[in-house]
Amino acid sequence: MLSIQDLQVAYGGIQAVKGVSMEVYEGELVTLIGANGAGKTTTLKAVMGLLPFKKGDILFRGRSIKTMPTWDRVKQGLVMVPEGRGVFARMTIVENLQMGAYLHDSKADFERGVDYAFTTFPRLKERAHQLAGTMSGGEQQMLAMARALMTQPKLLILDEPSMGLSPVLTETIFQVIDKVSKEGMTVVLVEQNANLALQAADRGYVMDSGNMLMTGPADMLLQDPKVQEAYLGA
């Protein structure tokens with residue numbers, strides 16, 4: 001579904017991504033792990049068209065999207081929940097969900113989307129008319145994910161969904177990730193908690209200093225001594 005081919009990204013005089021390649025197949029949950037500054041978020045931003053890249057190509061569903069603007073990538077079903085959530089603080093939860101559904105004209109589709117969001121995140125239903133900016137960080141993360149799901153994505157990218165959250169809320173977020181993955185959605189997950197990410201994923205990639213170091217089944221990477229020492233605190 002997604003093919004990143006020899007991607008190189010530089011900005012501010014820094015070569016942040018140095019020839020990265022990565023494949024994501026339909027229905028998979030793939031995680032990309034690595035230390036801060038490894039180039040993970042830069043890679044995601046290039047995939048979404050938020051950063052230009054000087055070499056390589058990105059294919060989505062067999063088609064190059066190298067020159068495609070971000071909004072058209074979203075229309076094609078490529079959707080990202082960014083690091084830091086990015087909710088519309090002065091809008092209510094329902095209004096944020098409406099923004100996620102702007103591509104779909106059907107009132108029935110919108111109502112089904114809201115029902116799914118409120119079933120998946122019951123806390124959002126309790127606060128449906130609360131301003132997003134007055135919610136906790138965990139609630140805002142739930143809203144950011146719910147808003148992304150309103151677009152009916154074909155591939156959902158999650159950038160650091162557990163950042164700044166308590167263990168309880170982190171568990172809730174990962175339960176939702178597991179739920180949408182088991183329902184058949186293709187997911188790319190970037191996550192500092194490498195242990196949780198690899199437990200959730202089908203396959204994993206390990207990135208360091210702009211390079212792709214390793215790839216393989218997630219359970220294999222969990223048992224790899226180098227991964228354990230560098231990223232799992234072993």
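**Helices, sheet and phi values in a predicted model**

Me: Which strands does helix 1 lie across?
Reply: In this predicted model, helix 1 (residues 40–47) lies across strand 3, strand 6, strand 7 (155–159), strand 8 and strand 9. Its direction makes about 145° with strand 7. Helix 6 (residues 137–150) also packs on the sheet, where it touches strand 6 and strand 7. The direction of helix 6 makes about 175° with that of strand 6.

Me: What is the strand order of the open sheet, and how is it paired?
Reply: The order of the six strands is 6-7-8-3-9-10, and the pairing is mixed.

Me: What makes strand 6 and strand 10 edge strands?
Reply: Strand 6 (78–81) and strand 10 each pair on one side only. From one strand to the next, the twist of the sheet averages 15°.

Me: How do you know that strand 3 and strand 8 pair?
Reply: Two strands count as paired if there are at least two bridges between them. Strand 3 (residues 29–33) and strand 8 (residues 186–190) have four bridges, so they meet this criterion, and their sense is parallel. Within this pair, Thr 31 stands opposite Leu 189 of strand 8.

Me: What joins strand 9 to strand 10, and in which sense do they run?
Reply: Strand 9 (residues 203–208) and strand 10 (residues 211–217) are joined by six bridges and run antiparallel. Asp 208 has Asn 211, in strand 10, as its bridge partner. The two strands form a hairpin with two residues between them, and Ser 209 in the turn has a positive phi of about 50°.

Me: Why are helix 3 and helix 4 called oblique to each other?
Reply: Helix 3 (residues 93–100) and helix 4 (residues 107–120) pack at an angle of about 125°, with their axes 11 Å apart. Angles over 145 degrees count as roughly antiparallel and those from 65 to 115 as roughly perpendicular. The angle of about 125° belongs to neither class, and the pair is therefore oblique. The crossing of helix 3 and helix 4 is right-handed.

Me: Which residues of helix 3 and helix 4 meet?
Reply: From helix 3, Ile 93, Val 94, Leu 97 and Gln 98 meet Phe 110, Val 114, Ala 117 and Phe 118 of helix 4. By class, this contact has seven nonpolar residues, one polar residue and no charged residues.

Me: How do you know whether Val 227 is buried or exposed?
Reply: A residue is called buried when its relative accessible area is under 20%. Val 227 has a value of 1%, so it is buried. Val 227 is found in helix 10 (residues 225–231). Leaving aside residues up to four places away in sequence, Val 227 touches Ile 33, Leu 198, Val 206, Met 214, Leu 221 and Leu 232. Val 227 and Met 214 are 13 residues apart in sequence, and their C-alpha atoms are 9.1 Å apart in space.

Me: What makes the phi of Gln 152 notable?
Reply: Most residues other than glycine have a negative phi. Gln 152 is not a glycine, yet its phi is positive, at about 60°. Gln 152 is placed in the loop between helix 6 and strand 7. Its relative accessibility is 41%, which lies between the 20% and 50% limits, so Gln 152 counts as partly exposed.

Me: Why does Glu 160 count as buried or exposed?
Reply: The relative accessible area of Glu 160 is 5%, which is under 20%, and Glu 160 is therefore buried. The place of Glu 160 is in the loop between strand 7 and helix 7 (167–182). The phi of Glu 160 is positive, near 55°, in a residue other than glycine.

Conventions: Residues numbered from 1 in each chain as written. Predicted model: local features only at pLDDT ≥ 70, side-chain atom pairs only at ≥ 80, totals over all residues. Heavy atoms only, no water. Axes fitted to C-alpha atoms, helices over the stretch in contact; angles between N-to-C directions. Parallel < 35°, antiparallel > 145°, perpendicular 65-115°, else oblique. Left-handed = near helix turned anticlockwise from the far one by under 90°. Contact = heavy atoms within 4.5 Å. Nonpolar A, V, L, I, M, F, W, Y, C, P; charged D, E, K, R; others polar. Buried < 20%, exposed > 50% of the residue type's maximum accessible area, 1.4 Å probe, protein only.
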